[in-house]
Amino acid sequence: MRCDPLDREASQSGHGRGPVPCGCATRRSFVRSLAAFGASSVFGAPAVWAQGAPPGLATQPHRIDVHHHFFPQFLLDAWQKAGVRNPAAVQSWKLEASLTQMDRGGVATAILSLPIGLNLPDLNAEQSRHLARLVNEYVVETMKDHPGRFGLFAFMPMPDIEATLKEIEHALDVLKADGIGLNTSYGDKWLGHPDFKPVMEELNRRKAVVYVHPLTPRCCGNLMPNVPASFIEYPQETNRAVTSLLLSTTFTRTRDIRWIFSHAGGAVPMLAGRISSLTKIQRPNADSLPDGVDFELKRLYYETANAAYAPNMAALLKYVPISQVLFGTDYPYVSISENVSDLGKIGLSADDLKAIEGDNATLLIARLKT
């Protein structure tokens, strides 16, 4: 049997490196490319492909995938014209392939998120804001064309605070996004940085669901030859972001934000005890955590994408209740069927598996109940 091309690319691509400028794009060539794709029809309502379930569907789709990526064609075209390199799984992304893989893996709804920044050379603030809006509106049009199949964790033009506040308003009030998507860090600032306080306060005021995806930090992208950052840095980067939010007391001050962290929390479950212990000795803002480290970390949500392995899940489920665990896949970097298979091998009870695969998400995002 021939494997799906996107499955094959997902297994071969280097997840986590993100688009990398090749260094040959000049400001003039980028402006020309931006004008070219700006004048084209891709800036209008996106054309999406409708399809039914493929023959041989084994199960009725019921899973809710909260870690599912997308790459609009206009953004792929802009990267290509600007000389930006991407992993094969990104460059070949197609909506129809997502739908096919969702049906094969029994996924009823995928909440879409853009896991990387816009990463276009010489992109100014106005262009960045415009592209962020187009990215989010693309998903909304997709949701209209495929009712019930998709949701949106809206992309934000961070670290532009003013633009992000405006996009939060538009995403939640106009587009009715399911939540807001953020990265673990922006430049050399993690999410607990004081510069981001207005964004955190607004998200808290709105009681928003906030999905956080790791990026390769500026400090640590090429520390070891032949070791992709996604292997080691991504789990640590999630831990950095969580620790930043914890010890800056952002978690304590934003109790109404409902946080989702990728890949079973990365290193969080393994290091939570160590952090809790050492805060009693070194006390970095520990006095500002009245309920303690464990209280703050155990109320967060964690999803299973590319982490549904016995050691990872044992650590996570020993630390947090089953109610805080959601299903994710990291598609197209990892196939949906692989994630489903891995989760099914852990030995969870039917009730726990049902909670992770969908029930917990419907309690977190009310729209999904319908």
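Which residue stands opposite V212 in β10? It is F261, and the views below, all taken from a predicted model, start from that strand pairing and work outwards.

**View 1. Strand β9 sits between two parallel partners, β6 and β10.** Strand β9 covers residues 209-213, and five of its five residues are buried. On one side you will find V209, Y211 and H213, and on the other V210 and V212, so look for cover on both faces. In a regular strand the side chains alternate between the two faces of the sheet. Strand β6 (residues 179-183) pairs with β9 in the parallel sense over four bridges. Strand β10 (residues 258-261) also runs parallel to β9, and four bridges join the two.

**View 2. N183 of β6 looks across to β9.** N183 lies in strand β6 and stands opposite H213 in β9. With a relative accessibility of 5%, N183 counts as buried, because the cut-off for that word is under 20%. Beyond its neighbours within four places in sequence, N183 is in contact with P115, I116, G117, L191, V212, H213 and L215.

**View 3. Aromatic rings meet around W259.** The structure holds eight aromatic pairs. In one of them, the ring centres of F251 and W259 are 5.7 Å apart and the planes make an angle of 80°, so this pair is edge-to-face. W259 also pairs with F261, and here the rings are stacked, at 5.9 Å centre to centre with 15° between the planes. F251 is buried at 0% relative accessibility, and W259 is buried with a relative accessible area of 1%. F261 is buried too. Elsewhere, F71, W79 and Y333 form one aromatic cluster.

**View 4. Helices α9 and α11 pack in a right-handed crossing.** Helix α9 spans residues 229-247 and helix α11 spans residues 268-282. Their axes are 11 Å apart, at an angle of about 35°. From α9 come Q236, N239, V242, T243, L246 and L247, which meet V268, L271, I275 and T279 of α11. Sorted by class, this contact has six nonpolar, four polar and no charged residues.

**View 5. The buried residues of α11 have several neighbours over them.** V268, P269, A272, I275, S276 and T279 are the buried residues of this helix. An α-helix has 3.6 residues a turn, so residues three or four places apart point the same way. Among the elements covering the buried residues of α11 are α9, α12 (292-298), β11 (301-303) and α13 (310-319).

Notes:
Residues numbered from 1 in each chain as written. Predicted model: local features only at pLDDT ≥ 70, side-chain atom pairs only at ≥ 80, totals over all residues. Heavy atoms only, no water. Axes fitted to C-alpha atoms, helices over the stretch in contact; angles between N-to-C directions. Left-handed = near helix turned anticlockwise from the far one by under 90°. Contact = heavy atoms within 4.5 Å. Nonpolar A, V, L, I, M, F, W, Y, C, P; charged D, E, K, R; others polar. Buried < 20%, exposed > 50% of the residue type's maximum accessible area, 1.4 Å probe, protein only. Pairing = 2+ DSSP bridges. Phe/Tyr/Trp six-rings, centres within 6.5 Å; stacked < 30°, edge-to-face > 60°.
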